[in-house]
Amino acid sequence: MAVKILILTDVFFPDTTGGAGRVAYNLGSNLAERGHSVHVLARNPGNVLPLSEQLNRGFLVHRFF
């Protein structure tokens, strides 16, 4: 059964470097590969990245500033 998942995080890979961002990315990516709909809400460092971006099928990141 596919579920809708929201991941809230202050940092997100590849927007920033570090362990917490990689954990959020890998978790979301793996869940999307299993058929779940994953949305990540993360900070937009420097306000230079797109506000919304589809990383791969079922895996979207939404950025705020």
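Where in the structure is Asp-15 found? In this predicted model, Asp-15 belongs to the loop that runs between strand β1, residues 4-9, and helix α1. The surroundings of this residue are taken up again below, after the sheet, the helix and the nonpolar core have been described.

The strands are arranged in an open sheet of 4 strands, in the order β1-β2-β4-β3, and the pairing within this sheet is mixed. Strands β1 and β3 form the edges, since each of them pairs on one side only. Averaged over the sheet and with direction ignored, neighbouring strands are turned by 20° against each other. Helix α1 packs on the sheet, where it touches β1, β2, β3 and β4, and the direction of the helix makes about 175° with that of β1.

Two of the strand pairings can be described in greater detail. Strands β2 and β4 run parallel and are joined by 6 bridges; in this part of the sheet, His-39 stands opposite Leu-60 of β4. Strand β3, which covers residues 52-56, pairs with strand β4, residues 59-64, in the antiparallel sense over 4 bridges. Here Leu-60 in β4 is the bridge partner of Gln-54, so that Leu-60 is placed opposite His-39 and is also bridged to Gln-54. Strands β3 and β4 form a hairpin with 2 residues between them, and in the turn Gly-58 has a positive phi of about 80°.

The nonpolar interior may be considered next. In soluble globular proteins, nonpolar side chains tend to be buried together. In the present model, the largest nonpolar core has 9 residues, namely Ile-7, Phe-12, Ala-24, Ala-32, Val-38, Val-40, Ala-42, Phe-59 and Val-61. Two or more residues are given to this core by each of α1 (residues 19-33), β2 (residues 37-43) and β4, and the largest share, 3 residues, comes from β2.

Phe-59, a member of this core, touches Phe-12, Tyr-25, Gly-28, Ser-29, Ala-32, Val-38, Val-40, Glu-53 and Gln-54 when residues up to four places away in sequence are not counted. Among these partners, Ser-29 lies in helix α1. With a relative accessible area of 9%, Ser-29 is buried, because the limit for that class is under 20%. Apart from neighbours within four places in sequence, Ser-29 is in contact with Asn-56 and Phe-59.

A search of the whole structure finds 3 salt bridges. In one of them, Asp-10 is paired with Arg-43, and the closest N and O atoms are 2.9 Å apart. This pair links distant parts of the chain, as Asp-10 is in the loop between β1 and α1, whereas Arg-43 is in strand β2, 33 residues apart. Both partners fall in the partly exposed class, with Asp-10 at 48% relative accessibility and Arg-43 at 30%.

Another salt bridge returns the description to Asp-15, whose side chain meets that of Arg-63 at 2.7 Å, N to O. Because Arg-63 lies in strand β4 and Asp-15 in the loop between β1 and α1, the pair ties together parts that are 48 residues apart in sequence. The side chains of Asp-15 and Arg-63 are likewise joined by a polar contact of 2.7 Å. Once neighbours within four places in sequence are left aside, the contacts of Asp-15 comprise Arg-43, Pro-45, Leu-49 and Arg-63. Arg-43, which forms the salt bridge with Asp-10, is thus also in contact with Asp-15.

Arg-63 counts as buried, at 6% relative accessibility, and has a further salt-bridge partner in Glu-53, with the closest N and O atoms 2.8 Å apart. Glu-53 lies in strand β3 and Arg-63 in strand β4, so this pair ties together parts that are 10 residues apart in sequence. In contrast to the buried Arg-63, Glu-53 is partly exposed, with a relative accessible area of 31%. Through salt bridges that share partners, Asp-15, Glu-53 and Arg-63 are joined into one network. Glu-53 is, in addition, among the residues touched by Phe-59, a residue of the largest nonpolar core.

Terms used: Residues numbered from 1 in each chain as written. Predicted model: local features only at pLDDT ≥ 70, side-chain atom pairs only at ≥ 80, totals over all residues. Heavy atoms only, no water. Pairing = 2+ DSSP bridges. Core = buried A, V, L, I, M, F, W, Y, C linked by side-chain atoms within 4.5 Å. Buried < 20%, exposed > 50% of the residue type's maximum accessible area, 1.4 Å probe, protein only. Contact = heavy atoms within 4.5 Å. Polar contact = N/O pair within 3.5 Å; in protein donor to acceptor, adjacent residues only side chain to side chain. Axes fitted to C-alpha atoms, helices over the stretch in contact; angles between N-to-C directions. Salt bridge = Lys/Arg side-chain N within 4 Å of Asp/Glu carboxyl O.
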